[in-house]
Structures are given as C-alpha cells and as structure tokens.
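Reader: I am in my first year and would like to take a close look at one part of a protein model, namely its salt bridges. Could you take me through them slowly, once the structure is in view?

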Amino acid sequence: TTMALSSGYPKHLSYKMYQRLAKCASQVGMVKDAKKYHEDVLLSIELSNMSKEQKKLLLLEISVEISLLEKKDQFQEADSNSLNKCKGNKNKSNTIIDRFEKNPNFPAFHRSVSIKYDTKRGRYGIASENIKCGTYIVYEEPIVSYLFSQHSLTHCMTCLEPVESLIPCFQCSR
C-alpha cells in the first residue's frame, strides 16, 4: 500500500486499494487487519472524487462490514480463550487439506490452476476459472516440522498448537 501510494497511485482512488485490502484480509480471517483497512477506507474517502450520495452509500457499506468484522472478532477471541485448544491428530476432518480441491494432474495445486509450458517463460501456473479471494491455490503438507525452543512451554510438541498449561496436549499424548 505504502509502495503503491509513493509510486504515484492516485490519492483520490486510494480508498479502493484499502477496500481491496480489507476484503482480502477479511476473507483469509485476518479480522484485526481488515478492521484497520476499513478504517483507512473511511479516512481516504474524503480524498475521493465521489459525489456525496456515493460517499454516503460507501460509508454505510463500510459500517456494515466493520460491524460484521467485530462480531467475527468476538467469536475468534472466544475460540482463542478456550483452554488447551490443541486438536491433536484426531480431528483432521476440518483441515485445509480436506477442503483443498486438488488438481488431478498436480495434486499440490488447486483444481482451478492449470500448468502450462512456454519456451520463453518455462513452466507456469494459470487460473483456468475464477478463484475466490482467500482460496489456497497451492498446498503441500510439510515433510518435517520443528518447534522452536522458545515455544516449547506454550505449544504442543506433536501438533504445534498453542496450549495454556505445562501438561502435554491430551489428544497427542495418547
């Protein structure tokens, strides 16, 4: 954002850039960032060339988005406050990999990504259909995972999820 603005992105359109950032952050679950970007939209609307009616509609839209994000934030806080949130290896039904729609030819890629080859560019991926904002387009399970020593008292050593007690994660200690 800073780079775009300093590179000559029109200030009267900066609200659009912040609006896109807010939408992306919201889609991927970064609620606090999305709220901040919406606040930036509110500040940058004044620089726009929109009519008063357009500004009014946009302000209404942004206020609805912010209230939805506040509700989402409350749910995330409630979820993060639960003790020993660690899911261990038992509950893999809602992981990213289970929801990831694999490409039949290239399983690490989403089904909407096609792999092409060009003598000038080499091998590259291209979207074969519209991909929703926040969709993982490439996913691979790590071969090795390692917990840094500074997290050894706050995270489960098996599944790496945060825990709030020194007792090992219930699911992973079985």
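Reader: To begin with the pair aspartate 40 and lysine 36, how many residues apart are they in helix H3, and by about what part of the helix are they separated?

Author: Please keep in mind throughout that this is a predicted model. Aspartate 40 and lysine 36 both belong to helix H3, which covers residues 31-44, and because they are 4 residues apart there, about one helical turn separates them. These two residues form a salt bridge, in which the closest N and O atoms are 2.8 Å apart, and that distance falls within the 4 Å that the definition of a salt bridge asks for. The two partners can also be described by their accessibility: aspartate 40 has a relative accessible area of 16% and is buried, because buried means under 20%, whereas lysine 36, at 42%, counts as partly exposed.

Behind such pairs stands a general idea, which is that side chains of opposite charge can pair when their charged atoms come close. In this model the count comes to 3 salt bridges, and we can now turn to the others.

Glutamate 101 forms a salt bridge with arginine 111, and here the closest N and O atoms are 2.2 Å apart. Both residues lie in the loop between helix H5 (96-99) and strand S1 (113-118), so the pair ties together parts that are 10 residues apart in sequence. As for accessibility, glutamate 101 is partly exposed at 36%, and arginine 111 is partly exposed as well, with a relative accessible area of 38%.

Arginine 111 appears again in another pair, since its side chain also meets that of glutamate 129 in a salt bridge, at 2.8 Å from N to O. Glutamate 129 lies in the segment after strand S2 (122-127), while arginine 111 is in the loop between H5 and S1, so this pair ties together parts that are 18 residues apart in sequence. Glutamate 129, too, is partly exposed, with a relative accessible area of 37%.

If you now put these pieces together, you can see that Glu101, Arg111 and Glu129 are linked in a network of salt bridges. Arginine 111 is the residue to follow in the view here, as it pairs with glutamate 101 and with glutamate 129.

Technical notes: Residues are numbered from 1 along each chain as its sequence is written. This is a predicted model: local features need pLDDT of at least 70, side-chain atom pairs count only at pLDDT 80 or more; totals for chains, interfaces and linings use all residues. Side-chain values use heavy atoms; hydrogens and water are left out. Helices (H or I, at least four residues) and strands (E, at least two) are DSSP runs, numbered from the N terminus. Buried means under 20% relative accessible area, exposed over 50%, partly exposed in between (1.4 Å probe, protein chains only).
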